[in-house]
Amino acid sequence: MASLTFPDIVRQPVTVQCCYKPIYNSLGNDKGNSFAARNSNTSPDLSSSLASPLRVTVPSPAQKEIIFERNLQNHVAWTSIRQERWEGELTVEGEIPLWLNGTYLRNGPGLWHIEDYNFRHLFDGYSTLVKLHFEDGRLIAGHRQLESEAYKAAKKNKRLCFREFSEVPKPANFLAYVGDLASLFSGTSLTDNANTGVVKLGDGRVVCLTETQKGSIIIDPNTLDTLGKFEYSDNLGGLIHSAHPIVTDAEFLTLLPDLLNPGYLAVRMEPGTNERKVIGRVDCRGGPASGWVHSFPVTEHYIVVPEMPLRYCAQNLLRAEPTPLYKFEWHPNSKAFLHVMCKASGKIAASVEVPLFVTFHFINAYEEEDEDGRVTAIIADCCEHNADTSILDKLRLHNLRSFNGENVLPDARVGRFIIPLDGNPRGKLEAALDPDEHGRGMDMCSINSNYLGKKYRYAYACGAQRPCNFPNTLTKLDFVEKKAKNWHDEGAVPSEPFFVARPGANEEDDGVVISMISERNGGGYALLLDGSTFKEIARARFPYGLPYGLHGCWVPKK
């Protein structure tokens, strides 16, 4: 079989009539492209006709056979992006609210092969950025590969060049292996493939992130151009940080795990700077290493530092082949803890043992007060996988691509931690609502950002309609009524539901929920749901289905 070029195939253009108008369409070869403003920072022209003829690149018959063999029985959600870059206006079915003006950006792995070599895990893929630009009821969509050093090196050398989540470059000989270990300790061989999230800082800069500190990359939210590395100007060092910082217009908060002396630094960065300043440090109570901290929650006055028994493992980092838990090890005997740090002083207000837990994503946290207004406890909610680490292995691409109708998605719930501030050494973990309300699937959450760190009622997430092997519904969670509303499209895989509040709204759920849907038939569409009723208000089909994405942010129109 002929080999594939990177990132995918070279296509032969034909002229067709279509319901969308491409503004940019490229595989990285710009020669002959008629879009003269492809490198411009100006906004796309929204006055173009949707019915005009256009040139769309499609594969030749031989190339179609290659795609078919590679993607046989693969859902488009787990299939590498078709091409490096595309942009165009979409035809909208329904009605986009006129107040919705701005850009939703989504980041996530979208390219899972180099030449004929296929990656193992969902988290290995090279970052694919997708944008949905809403303006006056119209929608411009686009996607582009993030030009990290890892991606550019793989594209140039046609092989893996940096350590990804489960992938390690194959050394040519023993000396090369020793050199790779040395570069691992210095961080040189770690990836900068920022494929996890994207955030808008208080100063307006937009940064893509992953768990390696070097994987912090600035982009242009309008063109999706890669602008360069986000270089931290402090001397805090370290190799990794939480992939999900807390970002507001006023500050950037994150946690830096210490891999040598188990613990975490909580740091703050102000808008307009690249300097992180230490708020305080938490020493781990268990061992032998710091617990994985993919995300963490905050309240108005406190940072909640989770210490999960799924802990970083130096030995697994050094291995050339992945272990069942990849870079981690499960240490149930080390127990689980939550630490509460004062934002202002850095002092530890509480450190409690809690039941064992496994979570990727915290939803929100808030302070519980007594009738005199004194804070008596911290409530922290997360997407909790019933202390079951098998979810990591379920995210192997082979498992995602080989679904045969069996109910294999591990159960999950909204885990609610209750952290007492009265000196009690133990906290509680319970389900915030009956997990059957959302099909015992739970991940990829968002809230009304105006309620960050405050008592809240609603959250939006991905749930499950079983049997399934991956969360396949969108769900609105009501923590007062203990109920959920669910949206489902048979055979489809929805990405993170992102809530955007209506300007001036008084109700917590007054706004829209944005998601991108990958269909079983290879198609896909952008979806808008009413934040209150959870009914569909609009959708717009992409010219082709997009791979599953992870996390996004909203960039309002200036």
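# Exercises on a predicted model

In this predicted model, residues 24 or more positions apart make up 64% of the protein chain's contacts with a separation of 6 or more. Keep the structure open and work along with the steps.

## Exercise 1: The whole chain

Task: Find how many helices and strands the protein chain has, and what percentage of its residues count as buried.

Solution:
- Start with the secondary structure: there are six helices and 38 strands in the protein chain.
- Next, turn to burial: 57% of the 558 residues count as buried.
- Finish with the surface: about 22900 Å² of the protein chain is exposed, and 50% of this comes from carbon and sulfur atoms.

## Exercise 2: A sheet of four strands

Task: Work out in which order strands 12, 13, 14 and 15 lie in their sheet, and which of them are the edge strands.

Solution:
- The order is 12-13-14-15, in an open sheet with antiparallel pairing.
- Strand 12 (197-200) and strand 15 (226-229) each pair on one side only, which makes them the edge strands.
- From one strand to the next, the twist averages 30°.

## Exercise 3: Strand 14 and its partners

Task: Describe how strand 14 pairs with strand 13 and with strand 15, and where its side chains point.

Solution:
- Take strand 13 (residues 206-209) first: four bridges join it to strand 14 in the antiparallel sense. Cys208 has Ile217 of strand 14 as its bridge partner. These two strands form a hairpin, with six residues between them.
- Now look at the other side: strand 14 (residues 216-219) and strand 15 are antiparallel too, over three bridges. Here Ile219 stands opposite Thr226. This hairpin also has six residues between its strands, and Leu224 in it takes a positive phi near 65°.
- Lastly, follow the side chains of strand 14: Ser216 and Ile218 point one way, Ile217 and Ile219 point the other way, and all are buried.

## Exercise 4: A serine in a loop

Task: Locate Ser295, decide whether Ser295 is buried or exposed, and list what Ser295 touches.

Solution:
- Ser295 sits in the loop that runs between strand 19 (276-283) and strand 20 (302-307).
- Buried means under 20% relative accessible area. Ser295 counts as buried because its relative accessibility is 6%.
- Beyond its neighbours within four places in sequence, Ser295 is in contact with Ser242, His244, Pro306, Phe360, His361 and Phe362.
- Pick out Phe360 from that list: its backbone oxygen is 2.8 Å from the side chain of Ser295.

Definitions and conventions:
Residues numbered from 1 in each chain as written. Predicted model: local features only at pLDDT ≥ 70, side-chain atom pairs only at ≥ 80, totals over all residues. Heavy atoms only, no water. Pairing = 2+ DSSP bridges. Axes fitted to C-alpha atoms, helices over the stretch in contact; angles between N-to-C directions. Buried < 20%, exposed > 50% of the residue type's maximum accessible area, 1.4 Å probe, protein only. Contact = heavy atoms within 4.5 Å. Areas by Shrake-Rupley, 256 points an atom, 1.4 Å probe, with all protein chains shown as cover. Polar contact = N/O pair within 3.5 Å; in protein donor to acceptor, adjacent residues only side chain to side chain.
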